[in-house]
Amino acid sequence: MWKKRKENLINVIIVMLLLAYFAVGVLVYRDYGISSDEPTERVSTLVNVKYALNVMGGDHMSEYDVPDLETYSDRNYGTFLQMPSVIFEVTGKNLGDIFYGRHLYTFFLCMAGYLAFYFLLKLLFRSKLMGLAGVFMVALYPRFFAEQFYNIKDMVFVSVFMVCMLTTVMLIKSRFSWGWMVTFAVSVAIAANVRIVGIVFLLLVLGYLFADVMMGKIAGKDGYVVRCRRPFLCGIVLLLIWFAAFVLMLPVTWKDPLRGVWNVFSQFSKFDKWDSTIVFMGKVIGKDEIPWFYVPVWMLVSVPVWYFLLCLVSVAAGIGIGIRKIRNKEKFFLLLVTRYKYVLWCVLLMAVPWLGIVVMHSTIYNGWRHCYFFLPPLILFALFGVDYLRKKGPKWRVACFLVILMGVMSQAIWICRYHPYEMVYFNGIGKHFAAGFDRDYWHLTTVDAVRYIAENEADGQFSVKTPGNDYYKYMLSPEEQSRIIEEEEPQFYIETYRGKTGNDLRIEGYDEIYSMMVDGFKIASVYRKAD
């Protein structure tokens, strides 16, 4: 009876916490400005929807001044998951409402990913609490908390990535049933539509099929049971379903699927359209100067330190298990591809894309957002160490619980303290070097800086020069917008420290009058024209 009550209590706690997180998201989604990429993403969505509707017959969306897909510069970008957001073009009264709607929709997609991650962890560790711990390690990572509203590319990819992690495990556990093969292939096609690197799931599963066959031949006598009885057929079916789904989701490939898919992969294997600069380790560099250790360093300064400490536990546990198995003359490699295959898998989910980035010299910029998908497998790897410790006894279980609880709570407190500027989070070590890295690279603080001027520094109308685009105006009320005028030499200047180093930036002809601070470093400053 007590065991059943305990189980029911855990279920209630989990549901209540997830609902509370969802409610918080619904309450705060309007707190964030418009990122620099959002206007482009909206246009890309409209271009693809317009093309798809026109293919179905008739002249649709003629009221939108957007280019045709064939001539659109970003035609190879997938927008399949963004297409439902077109509903806000109809229901929104202005562009502000449209972008707010897209923020809420992005949050819903991210919540779907968190739920998938919960079920994945629950399945692998046979523990609902482990699932809950992993979900909040992802969802309360401060940068993710902010970007889950306005980053409809990278954060949505993280969400689909977690879905693909779940479908991969279910595919293997089902021994490659037809239903899960279709589900897996379609989910990977969706992931590749968002970010082409999603193809890594298909590559790893095909590699697993090959390893499964080889292990059956080599270690079958030792009791190894193959997971797939028809690996060649399964591999072909997965490829065909993935290809069909990928083409269906990407309108630019409809006229010539083979060439279209080839063009997409060719473009994103070496992205060279971006030509701006970034700040990295105190230096302003261009895309050709980005070092191989760019992503690892960004992760080291902006991922909570205790995540890495838990990863070290997993590494130590793995080394210990390996040494013990070898001493006992057990076949460690056999155990690696059977009992510990998901440990190896989550390492490969990070290692394979990162090696691809290094080898192809792919352009990575704006922090490490293009590699945000590293975080779920990193957390999964860390939790394998936690799982190892918690099985050692009650004291270890309590210790693990307290470490995770305190870590997650400290991040929740940080989020509350610095909301809505979670996107500039640096960990306890990284914050001391934050002025040597890009901060508000999407100019999200612009709207708050303009409001500061309107409320504290200007009477009536005023002129201001802002970084990036002027879409921040759509977050202002009509009255606030009417106060902003254009002048050749504006009264105020706003800086968001994109491409700038240090905390003491001087603007010729202007005096700094206000700065937004996070953990001792500036994320935006307001300057007034000197008298």
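Which residues touch the most other members of the largest nonpolar core? To find out, keep in mind that this is a predicted model, and select Tyr-114, Phe-176, Phe-201 and Trp-368, which have the most such partners among the 162 residues of that core. Now select helix H4, residues 95–125, which supplies the largest share of this core with 18 residues.

Next, centre the view on Phe-176 and show what surrounds it. Once its neighbours within four places in sequence are left aside, Phe-176 is in contact with Leu-171, Met-181, Val-205, Tyr-208, Leu-209, Arg-227, Cys-228, Cys-234 and Leu-238. A second core, separate from the one that holds Phe-176, has 9 residues, and you can look for it by selecting some of its members, including Val-49, Val-66, Tyr-72 and Val-86.

From there, select helix H2, residues 38–55, and place a distance between its end C-alpha atoms: at 1.5 Å a residue, its 18 residues should span 26 Å, and the ends are indeed 26 Å apart, so the two values agree. Helix H2 is also mostly covered, with 13 of its 18 residues buried, and just after the helix you will come to Gly-57, whose phi is positive at about 120 degrees.

Finally, select helix H5, residues 128–139, together with helix H16, residues 375–390, whose axes come within 11 Å and cross at roughly 145 degrees, in a right-handed crossing. Show the side chains here, and you will see Met-130, Gly-134, Met-137 and Val-138 of H5 meeting Ile-379, Leu-383, Val-386, Asp-387 and Arg-390 of H16. Sorted by kind, the residues of this contact are 6 nonpolar, 1 polar and 2 charged.

How values were computed. Residues are numbered from 1 along each chain as its sequence is written. This is a predicted model: local features need pLDDT of at least 70, side-chain atom pairs count only at pLDDT 80 or more; totals for chains, interfaces and linings use all residues. Side-chain values use heavy atoms; hydrogens and water are left out. Helices (H or I, at least four residues) and strands (E, at least two) are DSSP runs, numbered from the N terminus. The expected span of a helix is 1.5 Å times one less than its number of residues. Buried means under 20% relative accessible area, exposed over 50%, partly exposed in between (1.4 Å probe, protein chains only). Axes are lines fitted to C-alpha atoms, for helices over the stretch in contact, and angles run from 0 to 180 degrees between N-to-C directions. A crossing is left-handed if the near helix is turned anticlockwise from the far one by less than a right angle, and right-handed if clockwise. Contact means heavy atoms within 4.5 Å. Ala, Val, Leu, Ile, Met, Phe, Trp, Tyr, Cys and Pro count as nonpolar, Asp, Glu, Lys and Arg as charged, and the others, Gly among them, as polar. A nonpolar core is a set of buried Ala, Val, Leu, Ile, Met, Phe, Trp, Tyr and Cys residues joined through side-chain atoms within 4.5 Å.
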